[in-house]
Structures are given as structure tokens and as C-alpha cells.
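Hello,

Here is the structure for you to load. My notes on it follow below.

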Amino acid sequence: MEDGRSYEVRILDLSLSGAAIEMDVRPAMGTLMWLGNMRGRVVRHFDEGIAIEFAILQTHDTLRDFIAQ
């Protein structure tokens, strides 16, 4: 999170433009956060968690490297 807090999450869906993640907390809409080294903002809440939209469109290589970590 922007304030330095971090949470364990489970990635439900991952695309070049964003991700759906399962998490126990519900950051406010528009909250800046990072998924690994990919910066984004909360754009939606749903029953299991949140959706974030990445600030920069990712590449296939970026996502492959992220998954391989």
C-alpha cells in the first residue's frame, strides 16, 4: 500500500491492464497500491476482494517475470 502496509493476497485474475485479487481488507476506491512492483489503483470492490487497474499497461514479459517470482 502507499502508506507502507502490506497484505497477503491471492491473485484471482491477472491481465496486462490490471488484476483481481482476494484480500481481507477493502481499500477505498482510488487507493494507490502495488502488486509486486506493478503500481495501480483500486477500481472495483467485489465479494472476494478488489480489482486494481495498473498505472502502466504491462507486457507479457513483465507478467511472466512476476509470476515466476
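**Strand pairing and the sheet**

Glutamate 22 has glycine 49 as its bridge partner in β5. Please keep in mind that this is a predicted model.

That bridge belongs to a longer pairing. Strand β2 (residues 18-22) and β5 run antiparallel and share five bridges. Within β5, alanine 51 stands opposite alanine 20.

β5 has another partner as well. Strand β4 (residues 38-46) is antiparallel to β5, with six bridges joining the two. Here glycine 49 comes up again: phenylalanine 46 stands opposite this residue of β5. The connection is a hairpin, with two residues between β4 and β5.

How covered is β5? Strand β5 spans residues 49-54, and five of its six residues are buried.

The whole sheet is open and has five strands. Its order is β1-β2-β5-β4-β3, and the pairing is antiparallel. The edges are β1 and β3; each has a single partner strand, so one side of each lacks a neighbour in the sheet. From one strand to the next, the twist averages 40°.

Helix α1 (residues 60-68) lies across β1, β3 and β4. Its direction is at about 160° to β1.

**Salt bridges**

How many salt bridges does the structure hold? There are three.

One of them brings us back to glutamate 22. Its side chain meets that of arginine 10 at 2.9 Å, N to O. This pair links distant parts of the chain: arginine 10 is in strand β1, glutamate 22 is in strand β2, and twelve residues separate them. Glutamate 22 counts as partly exposed because its relative accessibility is 32%, and the buried class ends at 20% while the exposed class starts over 50%.

Another salt bridge is in helix α1. Arginine 64 pairs with aspartate 61, and the closest N and O atoms are 2.1 Å apart. Why are these two residues about one helical turn apart? They are three residues apart in helix α1, so about one helical turn separates them. Aspartate 61 is partly exposed, at 45% relative accessible area.

Aspartate 3 and arginine 5 also form a salt bridge through their side chains, at 2.6 Å from N to O. Is aspartate 3 buried or exposed? Aspartate 3 is exposed, with a relative accessible area of 52%. Arginine 5 is partly exposed, at 44%.

**Surface**

Which residues form a nonpolar patch on the surface? They are Tyr7, Val9 and Ile11. Together these residues have about 220 Å² of accessible area. Isoleucine 11 sits in strand β1 (residues 10-14). At 34% relative accessibility, isoleucine 11 is classed as partly exposed.

Aspartate 24 is in the loop between β2 and β3 (32-35). Aspartate 24 is exposed, because its relative accessible area is 81% and the exposed class covers values over 50%. From aspartate 24 to arginine 39 the separation is 15 residues in sequence. In space, C-alpha to C-alpha, these two residues are 20 Å apart.

**To recap**

β5 pairs with β2 over five bridges and with β4 over six. Glutamate 22 has a bridge partner in β5 and a salt bridge to arginine 10. Ile11 belongs to the nonpolar surface patch.

Best wishes

Methods
Residues are numbered from 1 along each chain as its sequence is written. This is a predicted model: local features need pLDDT of at least 70, side-chain atom pairs count only at pLDDT 80 or more; totals for chains, interfaces and linings use all residues. Side-chain values use heavy atoms; hydrogens and water are left out. Buried means under 20% relative accessible area, exposed over 50%, partly exposed in between (1.4 Å probe, protein chains only). Helices (H or I, at least four residues) and strands (E, at least two) are DSSP runs, numbered from the N terminus. Two strands pair if DSSP finds at least two bridges between them. Patches are made of residues with over 30% relative accessible area and no salt bridge: like charges are joined within 9 Å, nonpolar side chains (Val, Leu, Ile, Met, Phe, Trp, Tyr) within 5 Å. Accessible areas come from the Shrake-Rupley method with a 1.4 Å probe; for residues, only the protein chains shown count as cover. A salt bridge is a side-chain nitrogen of Lys or Arg within 4 Å of a carboxyl oxygen of Asp or Glu. Axes are lines fitted to C-alpha atoms, for helices over the stretch in contact, and angles run from 0 to 180 degrees between N-to-C directions. Contact means heavy atoms within 4.5 Å.
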